[in-house]
Amino acid sequence: MNQDKQLYSIGQASDICDVTTRTLRFYEIKGLIKPDHISEGGYRYYTMATLRRVQVIRYFVEEGFSLEVAKVLLGTNSLDDYERIFREKMDETRERIYYYQNRLESLKGWYELICDGNRVRMMGDDNVTLKHIPTNTYMFMDGYVDVDDMYSEARLETSHFTLAKSNGHSLIDVGGAYILHTADFSNRIMNTSTEITLIQEAYPNTKSHENIRKLEGFMAVSAYHLGNLANIKETYKRATKWAGERNIELVGDSYERYVIDFYTSDNPDDYVTEIWLPVKSDAGSYNYLNDR
């Protein structure tokens with residue numbers, strides 16, 4: 001018998017094509033295939049041409065095409081149609097690659113914060129040091145911290161997210177720690193309301209450049225605060241005292257980097273916050289070796 005005319009039962013077709021009989025029936029319901037012969041008893045039979053069609057469908061699905069698009073491709077012999085549909089699929093795939101690259105960066109950023117916070121908890125908050133903050137690209141948003149509003153900083157983060165979305169970013173275009181910048185850190189020590197800038201790292205694949213700018217690297221006194229932010233002024237005092245004892249002159253502004261916050265813990269006593277106090281020079285007179 002000519003192999004092209006030989007009939008295969010649905011069980012044989014399932015075995016040859018490595019799909020379930022249910023899948024074959026589903027393809028039939030979707031109009032992708034049809035039996036080449038139905039016996040008087042209602043049994044379905046298929047030719048080799050139909051089995052090859054099943055394999056083509058499987059390839060289309062593997063390439064990410066929907067069954068609806070697969071049906072269109074199976075119904076045309078136009079290479080122009082194939083070219084257009086494949087071009088659209090490649091563009092869609094590039095978009096998904098962009099999305100997952102940024103998701104990976106976002107996950108890595110959060111993971112690094114968790115590791116950093118865990119390390120600081122084990123070491124304690126007594127360690128103050130001078131460190132270099134590298135150049136990076138951030139999304140900036142100006143705001144205001146109202147000390148009479150217990151939800152003020154949470155509202156700022158919500159506004160930051162809303163601004164990002166309105167500028168065409170996705171949630172994972174920016175990530176890592178929220179960083180609060182204030183022009184005069186004495187306002188944080190005195191716990192007075194003040195204008196601030198909220199910044200968060202912008203990932204390289206971000207589509208929108210609205211409110212995105214580079215922050216040049218700088219030297220800063222670094223100190224970690226463990227626990228509720230209501231007591232953060234004590235860490236500011238500790239950091240400024242440390243700088244004064246070493247004749248390190250501070251610029252006067254500050255950055256608060258929220259390492260562990262409400263995104264990771266619902267207990268404010270578990271929070272970890274790093275303070276950066278920029279210095280006026282590279283602190284050339286500071287002897288690292290003598291401070292160990």
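Which residues does Ile 33 touch, not counting residues up to four places away in sequence? Select Ile 33 in this predicted model and show its surroundings. Leu 24, Tyr 27 and Glu 28 are in contact with Ile 33, as are Tyr 46, Thr 50, Arg 53, Val 54 and Ile 57.

**The largest nonpolar core**

Widen the selection to the core. Ile 33 belongs to the largest nonpolar core, a set of 21 residues. Ile 33 is also one of the members that touch the most other members, along with Leu 24, Tyr 27, Tyr 46, Leu 51, Val 54 and Ile 57. Colour by element next: helix 1, helix 2, helix 3 and helix 4 (67-74) each give two or more residues to this core. Helix 3 supplies the largest share, five residues.

In soluble globular proteins, nonpolar side chains tend to be buried together.

**The second core**

Now move along the chain to Ile 189, Met 219, Val 221 and Trp 242. These four are among the 17 residues of a second core, separate from the one above.

**Helix 1**

Return to residues 10-17, which form helix 1. Its buried residues are Ile 10, Ala 13, Ser 14 and Cys 17. These residues lie on the same side of helix 1, because the arc they cover around the axis is only 100°. To see what covers them, add strand 1 (8-9), helix 2 (21-29), strand 3 (44-46) and helix 3 (48-62), which are included in that cover. Then select Asp 18, which follows helix 1 and has a positive phi, near 60°.

**The three-stranded sheet**

Two of the elements just shown, strand 1 and strand 3, belong to an open sheet of three strands. Its order is 1-3-2 and its pairing is antiparallel. Which strands are at the edges? Strand 1 and strand 2 (37-38) are, each pairing on one side only. Zoom in on strand 1 and strand 3, whose antiparallel pairing runs over two bridges. Here Ser 9 has Tyr 45 of strand 3 opposite.

**The whole chain**

Zoom out to finish. The protein chain contains eight helices and 11 strands. Of its 292 residues, 40% are buried. Among contacts with a separation of 6 or more, 72% join residues 24 or more positions apart. With the surface switched on, the accessible area of the protein chain is about 17,300 Å². Carbon and sulfur atoms account for 50% of that surface.

Definitions and conventions:
Residues are numbered from 1 along each chain as its sequence is written. This is a predicted model: local features need pLDDT of at least 70, side-chain atom pairs count only at pLDDT 80 or more; totals for chains, interfaces and linings use all residues. Side-chain values use heavy atoms; hydrogens and water are left out. Buried means under 20% relative accessible area, exposed over 50%, partly exposed in between (1.4 Å probe, protein chains only). Helices (H or I, at least four residues) and strands (E, at least two) are DSSP runs, numbered from the N terminus. The arc is that of the directions from the helix axis to the C-beta atoms. Contact means heavy atoms within 4.5 Å. A nonpolar core is a set of buried Ala, Val, Leu, Ile, Met, Phe, Trp, Tyr and Cys residues joined through side-chain atoms within 4.5 Å. Accessible areas come from the Shrake-Rupley method with a 1.4 Å probe; for residues, only the protein chains shown count as cover. Two strands pair if DSSP finds at least two bridges between them.
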